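This report goes through selected contacts, salt bridges, cysteines and internal spaces of one protein. It begins with a single residue and the side chains around it.

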Amino acid sequence: MKGEWWRQAVFYELYVPSFFDGNGDGVGDFKGALEKLDYLKELGIDGIWLTPFYPSPKVDNGYDISDYYGVDEEYGTMDDFQLFIKEAHDRGIKVVADLVLNHTSSEHPWFQESRSSKDHPKRDWYIWKDRPNNWESFFGGSAWELDEATNQYYYHAFAKEQVDLNWHNSEVREEMIHVMKFWLDQGLDGFRLDVINFLKVHPDMKDNPYDEETGEQIHLHDKDQEGILDVIRDLSDFVHQYPDKFMVGEVGSEELDVLRTYSGKDKLDVVFNFNLGSLESFNLPDMYKQLSDMEKGHSEDQIPTLFFGSHDMKRSLSRFGCGDREKDLDRAKLIATLMLTAKGVPFIYYGEEIGMEDVTIHDIREMKDVQGTTAYESAIREGKTEQEALRVANDKGRDASRSPMQWNAEWYHGFSEKKPWIFPAAIDTNVSSQESDPDSILSYYRTLIAIRKEWSSLHSGEYEEMGMSGQVLTYVKSHDSDRVLVLLNFSEKCLEVNLQNMISKESHLALSSKRSQLEFGNTIELLPYEAMIITL
């Protein structure tokens, strides 16, 4: 469908500093990413999502931007960026980039001007108060910081170095439209908008209530505020003036009714469905419920997203694992099949295709993530020992899934010849060892994506039916005359599935995670953790 290439695309989140080091300084960069474009092309990727690459002090690893119009020198130059975009496009790969619209770095010149005087023209570009209300930061503690220069408090929904912009100010809106224009003119194919539902706060700054049972603050007045959808429509209208552009939003909510308000006609093309993507355990009833709920109440112009990993969460193989590497890889292939065959736009997180696992930080001095270090400091203040606080930091922090991509069995997994910026994994899984192994998870991903492209029912189909029987998930998808049956066994036992009235002489096995051939009958015995695609 013209202008909606993303509906059939397979996306890949490329975490820039951790993907590949092209200049030997221990940090991933555009020269390195350029070298690996052929790898992504062979994998079958249609779209790359770049995490922030703009100049930044990196308090939150790039989500604190100090210049919206440049490339951070650690990642290269504007020429490096432009060459990367050109080479990606030459391979038929679109590129979208993370954009943080709701806050800037405290080192951004705009904020430095804003804090200089209460009368400065940019004072109202940020949110200032004489006295703070009770709003809490999503990283912990108060969301207000006293600035001694003018003896007022500024608002920060996240770290104190991430200062929220005032989107009630029309000048802020106009400037951010200009930022988007700049990057679209550089060749970007769209944006992933970070925590976009935090863009506006209640103008009266009312205190937030607390949950009576948990004691936790309910963020009633500092997100999902009136007027936010008008802003979303303005941004969407502007971006979609350019042909074939794509907008995906990170909406900080697991409530489907909330998520649905942000996508569809004249709004974001899709939003991330964290209700499914952030599930903590390998539990079919939970997954089935979320898949079923995603099919209810949406309009024709809304399509879900499918993902199980990102830079903000633990890796899916570790979350869903049982501690047995072989079984964990079987589970990972099962989840990959679900992600790439169910209805929705799939996003692969770098390294999932080779079975990368979480890393554990054993020394707080090695931790890079502000959310983890903040949790550590809070735990120490509460009286916990250093080891107890470190466990809290590993639980709350996001370093676990950000370790360097594992390319080969050489020093630092072939990511760099220098010690990487972040703690590398100990496990020796890597691209090189899997490329020629037909049973590897990398080979499975490549085959699975190729089959997805071949059968329109997989990339564009609607559900004819979806059901759960015990530990087996089944769904039939169709598009025009193209029909497929997907069977997913979430059990470590062999399970029999009744296929009476579903299989015909023309049916054949398109892919199985466990075998290459299958004899059809009225029933099929699924092997433990087997994923199967049958064309009907």
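Beyond its neighbours within four places in sequence, Ser 114 is in contact with Lys 122, Arg 123, Tyr 126 and Trp 128. The model is a predicted one. Ser 114 belongs to helix H5, which covers residues 109–116. The residue is buried, with a relative accessibility of 0%.

**Salt bridges**

The whole structure holds 37 salt bridges. Three of them are listed here with the closest N to O distance.

| Pair | N to O distance |
|---|---|
| Arg 260 and Asp 257 | 3.4 Å |
| Asp 293 and Lys 289 | 2.7 Å |
| Lys 343 and Glu 295 | 3.3 Å |

The pair Arg 260 and Asp 257 sits within helix H8 (residues 256–260), where the two are 3 residues apart, about one turn of the helix. Arg 260 is buried at 16% relative accessibility, whereas Asp 257 is exposed at 63%.

Asp 293 and Lys 289 are also partners inside one helix: both lie in H10 (residues 284–294), 4 residues apart, again about one turn. Asp 293 has a relative accessible area of 17% and is buried. Lys 289, at 47%, counts as partly exposed.

What does the salt bridge between Lys 343 and Glu 295 tie together? Lys 343 is in the loop between H12 and strand S13 (345–349), and Glu 295 is in the loop between H10 and strand S12 (305–306), so the pair links parts that are 48 residues apart in sequence. Lys 343 is buried, with 7% relative accessibility, while Glu 295 is partly exposed at 27%.

Elsewhere, salt bridges with shared partners join Asp 38, Lys 86, Glu 87, Asp 90 and Arg 91 into one network.

**Cysteines**

How many disulfides does a search of the whole structure find? The search finds 0. Cys 322 takes part in no disulfide, and the nearest cysteine sulfur, that of Cys 494, is 16 Å away. Why is Cys 494 not bonded to Cys 322? The closest cysteine sulfur to that of Cys 494 is in Cys 322, and the 16 Å between them is too far for a bond, since a disulfide needs the two sulfur atoms within 2.5 Å. Both residues are partly exposed: Cys 322 has a relative accessible area of 41%, and Cys 494 has a relative accessibility of 39%.

**Cavities**

There are 7 cavities of 30 Å³ or more in the whole structure. The largest cavity has a volume of about 130 Å³. Its lining includes Leu 256, Leu 259 and Arg 260, together with Val 270, Val 271, Met 294 and His 298. Arg 260 therefore has a place in this lining as well as in the salt bridge with Asp 257. H8 and strand S11 (270–271) each provide at least two lining residues, and H8 gives the most, with 3 residues. By class, the lining of the largest cavity comprises 7 nonpolar, 4 polar and 1 charged residues.

The second largest cavity encloses about 90 Å³ of space. It is lined by 13 residues, and those closest to its centre are Ser 316, Leu 317, Ala 332, Glu 352 and Tyr 445. Helix H11 (316–319), H12 and H16 each supply at least two residues of this lining. H12 gives the most, with 4 residues. The lining of the second largest cavity divides into 9 nonpolar, 2 polar and 2 charged residues.

**The second largest pocket**

The second largest pocket has a volume of about 410 Å³. Of its 25 lining residues, Lys 333, Pro 438, Asp 439, Ser 440 and Ser 513 are the closest to the centre. At least two lining residues come from each of helix H12 (325–341), helix H15 (431–434), helix H16 (441–454) and strand S18 (508–512). Which element gives the most to this lining? H12 does, with 5 residues. H12 thus gives the most both to the lining of this pocket and to that of the second largest cavity. H16 likewise supplies residues to the pocket and to the second largest cavity. By class, the pocket lining has 8 nonpolar, 9 polar and 8 charged residues.

How values were computed
Residues are numbered from 1 along each chain as its sequence is written. This is a predicted model: local features need pLDDT of at least 70, side-chain atom pairs count only at pLDDT 80 or more; totals for chains, interfaces and linings use all residues. Side-chain values use heavy atoms; hydrogens and water are left out. On a 1 Å grid over the protein atoms alone, a cavity is a set of points where a 1.4 Å probe fits but cannot get out, and a pocket is an open set with protein on both sides within 12 Å along at least five of seven lines; lining residues have an atom within 4 Å of a point. Grid points are joined across faces, edges and corners, and a volume is the space filled by probe spheres set on the points. Ala, Val, Leu, Ile, Met, Phe, Trp, Tyr, Cys and Pro count as nonpolar, Asp, Glu, Lys and Arg as charged, and the others, Gly among them, as polar. Buried means under 20% relative accessible area, exposed over 50%, partly exposed in between (1.4 Å probe, protein chains only). Contact means heavy atoms within 4.5 Å. A salt bridge is a side-chain nitrogen of Lys or Arg within 4 Å of a carboxyl oxygen of Asp or Glu.
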